[in-house]
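Please read this briefing alongside the sequence and the three-dimensional structure. It is arranged by topic, for a reader who wishes to check each statement against the coordinates.

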Amino acid sequence: MTTPLPLLLGMSAALFSLGLMAVLSRRHAIFILIGIEIMLTAANLNFIAFWRYSPQPQPTGVMFAIFSIAIAAAEAAVGLGFVIIVYRHYKTTEVSKLNKLKG
Amino acid sequence: MNIAAFSLLTIFTLATAAAAALLPRLIHAALCLALSFIGVAAFYALLGAEFVGLVQILVYVGAVAVLIVFTILLTHREDGKGVSAMNWGGVAVAIAVFDGLLWAILKTPSLMGATANSEPITVKQIGITLTAGYMWPLQCTGILLTAAFIGALILVMEEKR
């Protein structure tokens, strides 16, 4: 018996919400990046699931997932670079303490 | 993809992702994140996209998770407390978003009848499709990756005075 598509999408939605929870509820910059990676992974899982269950034979979903993974790698590199710069300036990576621009 | 494999993998992936989001210690969260990426790669393999699963393991587990661990080593000061307070408003928003997504999925009747009818894709097919129809995005991705990595290097270089 194969898995129906809504179960896969529901699992992916749960993964996305866990990532969103990490982004919104943690105060540490690296946790925010971890959450963003989890959300991107959930989106990729949806691409693959929709490709697998679509009536068309073109592998567009697979291509999209591959490009999305490459772009996520670039995003992680630049984001972690920013975390290191922020640490050098403020000696902390807690985002609630980066308040120099606060009015 | 049969239902038993799906249940096991769902439990594994969601548990490790929840650990990555909730564990107080940063380094434990990063290692749980790597485990949850392996779970997602297994999903790809079971859905017939083995190559994407391998790319996922190579890029996410091999590069992104290791990069996160290195950043933790470079920036984290172990000050004993380790845990920073949770913001419960964020948890509520995440639960609301999950409910909204679930509602949208359950309210779409055409999803229920969808059957898995794409054949598992081979690496050869992926290569042909990439070089035939996706040449322009492929080159752009190459330029983007080069620019991003050079940019990240320049960002973190020590300033010499």
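The points below take up the contact between the chains, the nonpolar core, one helix pair, one loop residue and the domains.

The structure is a predicted model. In it, 70 residues of chain B are in contact with 63 residues of chain A, and the largest nonpolar core, which has 62 residues, draws on helices of both chains.

**Contact between the chains**

- On the side of chain B that touches chain A, two or more residues come from each of helix 1, helix 2, helix 3, helix 4 (88-106), helix 5 (109-112), helix 6 (123-133) and helix 7 (135-156) of chain B.
- Helix 3 of chain B gives the largest share of that side, 12 residues.
- By class, the residues on this side of chain B comprise 53 nonpolar and 17 polar, with no charged residues.

**The largest nonpolar core**

- Within this core of 62 residues, those with the most contacts are A:Ile34, A:Ile48, A:Val62 and B:Val52.
- At least two core residues are supplied by each of helix 1 (5-25), helix 2 (29-52) and helix 3 (60-90) of chain A, and likewise by each of helix 1 (3-22), helix 2 (26-46) and helix 3 (50-75) of chain B.
- The largest share of the core, 14 residues, is that of helix 2 of chain A.
- When neighbours within four places in sequence are left aside, A:Ile48 is in contact with A:Gly61, A:Val62 and A:Ala65 in its own chain, and with B:Tyr44, B:Leu47, B:Ala49 and B:Val52 in chain B.

**Helix 2 of chain A against helix 3 of chain B**

- These two helices pack with their axes 12 Å apart and at an angle of about 175°; because angles over 145 degrees count as roughly antiparallel, helix 2 of chain A is roughly antiparallel to helix 3 of chain B.
- From helix 2 of chain A, the residues A:Ile30, A:Leu33, A:Ile34, A:Glu37 and A:Ile48 meet B:Val52, B:Val64, B:Ile68, B:Thr71 and B:Ile72 of helix 3 of chain B.
- Sorted by class, this helix contact has 8 nonpolar residues, 1 polar and 1 charged.

**B:Leu47 and its surroundings**

- B:Leu47, which is among the contacts of A:Ile48, is found in the loop between helix 2 and helix 3 of chain B.
- B:Leu47 counts as buried because it has 26 C-beta neighbours inside 10 Å, where 20 or more are required.
- Although B:Leu47 and B:Pro120 are 73 residues apart along the chain, their C-alpha atoms are separated by 7.5 Å.

**Domains of chain B**

- Chain B is divided into domain 1 (1-79 + 91-120) and domain 2 (122-161).
- The centres of these two domains of chain B, taken over C-alpha atoms, are separated by 24 Å.

Note on methods. Residues are numbered from 1 along each chain as its sequence is written. Chains are lettered from A and ligands numbered from 1 in the order in which they are written. This is a predicted model: local features need pLDDT of at least 70, side-chain atom pairs count only at pLDDT 80 or more; totals for chains, interfaces and linings use all residues. A nonpolar core is a set of buried Ala, Val, Leu, Ile, Met, Phe, Trp, Tyr and Cys residues joined through C-beta atoms within 7 Å. A residue is buried if 20 or more other C-beta atoms lie within 10 Å of its own, exposed if 12 or fewer, and partly exposed in between; C-beta atoms are placed from the backbone. Helices (H or I, at least four residues) and strands (E, at least two) are DSSP runs, numbered from the N terminus. Two residues are in contact if their C-beta atoms, placed from the backbone, lie within 7 Å. Ala, Val, Leu, Ile, Met, Phe, Trp, Tyr, Cys and Pro count as nonpolar, Asp, Glu, Lys and Arg as charged, and the others, Gly among them, as polar. Domain bounds come from an automatic or database domain assignment. Axes are lines fitted to C-alpha atoms, for helices over the stretch in contact, and angles run from 0 to 180 degrees between N-to-C directions. Angles under 35 degrees count as roughly parallel, over 145 as roughly antiparallel, 65 to 115 as roughly perpendicular and the rest as oblique.
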